[in-house]
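Here are my notes for you, set out as numbered points. Please have the model open as you read.

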Amino acid sequence: SQHFDESKRYLDEMLSLMLKQNKAYFKLYNLRYQLLVSLHLHFTNNSSDALKTIENALTSINKKSKQEDIDDLQATYAMVLGQLMDKNSLKVLAKLTHTDAWYEKKMGMLWTIRKNMMEILTHAQFENTDYALSRIKSFKRRYKIYLQNANEQIVLDYIAFVEKIVLNPEIIKQNDFKKKLDNFIYSEHKGDVFLKSFLGWILAMQQNSTPYEATMRLIQ
């Protein structure tokens, strides 16, 4: 936290300097900076401030704002809302209207895969079962070979757990399944914060908590 505060002060100074010297630079980097701040707030147990930061950033969008930066903010907005069990996350996700091919080209493969996974989880948690299963099917069809070639079997294993839970929510109460799920979650929990977020989402289904609460337990 102290390291981030120091970095934030430095970035604030740089943004202030850019605003004074060249407004074009400020407009270019401001949305990305607000995204960084919102992520820090969210993952340091300040989700309400994270939401305010994102909402303020989205109101500052102008004709020169890059669509990639806007979509990055929208995806983060949807993630925060979804982890808080706020159904407005579905409305925000619906604003990400480009095709997977567009996102793969503009945002990168990893970003697009995470976006698809978040969409699956969000619809699953709000019991849009048919849609979640449809998205799982299309996800595996589009990304299975890529993930296998990239040695990312963990993603496919994760999606397999989600699919089983969506198909049969009661399976989460079965001891054998709980043991397999626990082994999977706690063998992978040392990954980056985004991996922990996805693990927290599925852990919440088991613990009957919000995805945010489960994620913060993994982080702490």
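1. Let's begin with the core, keeping in mind that this is a predicted model. The largest nonpolar core holds 55 residues. Those with the most contacts inside it are M117, M118, F139, Y158, V162, I185 and I202. As background, nonpolar side chains in soluble globular proteins tend to be buried together.

2. Y158 is a good residue to click on next. Leaving aside residues up to four places away in sequence, Y158 touches M117, L121, F184, F198, L199, W201 and I202. Two of these partners, M117 and I202, are also listed with Y158 among the core residues with the most contacts.

3. Now the overall fold. The chain has 12 helices and zero strands, so please expect no sheet to orient by. Of the 220 residues in the chain, 45% are buried. Among contacts with a separation of 6 or more, 57% are between residues 24 or more positions apart. The chain exposes about 12,400 Å², and carbon and sulfur atoms supply 50% of that area.

4. On to the aromatic rings. The count comes to six aromatic pairs. One of them joins F139 and Y143: the ring centres are 5.3 Å apart and the planes stand at 50 degrees, so the pair is tilted. That label follows because 50 degrees falls between the cut-offs of under 30 for stacked and over 60 for edge-to-face.

5. Where does this F139 and Y143 pair sit? Both residues lie in helix α8 (residues 129-149), four residues apart, which is about one turn of the helix. F139 is buried, with a relative accessible area of 1%, and Y143 is buried with a relative accessible area of 1% as well. F139 also appears in the list of core residues with the most contacts.

6. A further aromatic group deserves a look: ring pairs link W102, Y103 and W111 into a cluster. W102 is also touched by M107, a residue in the loop between α6 (100-106) and α7 (109-125).

7. Is M107 buried or exposed? M107 is buried, with a relative accessible area of 17%; the cut-off for that label is under 20%. Apart from residues up to four places away in sequence, M107 touches E68, D72 and W102. M107 and D72 are 35 residues apart along the chain, and their C-alpha atoms are separated by 8.5 Å.

8. Two asparagines are worth checking on your Ramachandran plot. Most residues other than glycine have a negative phi. N45, in the loop between α2 (23-42) and α3 (47-59), has a positive phi near 70 degrees. N208 has a positive phi of about 55 degrees and is placed in the loop between α11 (193-207) and α12 (211-219). N208 is exposed, with a relative accessible area of 75%.

9. Finally, the largest pocket. About 580 Å³ of space lies in it, and 18 residues line it. Which of them lie nearest its centre? They are A124, Q125, I165, P169 and M205. Helices α7, α9 (153-167) and α11 each supply at least two residues of the lining, and α11 gives the most, with four residues.

Definitions and conventions. Residues numbered from 1 in each chain as written. Predicted model: local features only at pLDDT ≥ 70, side-chain atom pairs only at ≥ 80, totals over all residues. Heavy atoms only, no water. Phe/Tyr/Trp six-rings, centres within 6.5 Å; stacked < 30°, edge-to-face > 60°. Buried < 20%, exposed > 50% of the residue type's maximum accessible area, 1.4 Å probe, protein only. Core = buried A, V, L, I, M, F, W, Y, C linked by side-chain atoms within 4.5 Å. Contact = heavy atoms within 4.5 Å. Areas by Shrake-Rupley, 256 points an atom, 1.4 Å probe, with all protein chains shown as cover. 1 Å grid on protein atoms, 1.4 Å probe; cavity = no way out; pocket = protein on both sides within 12 Å on 5 of 7 lines; lining within 4 Å. Points joined across faces, edges and corners; volume = space filled by probe spheres on them.
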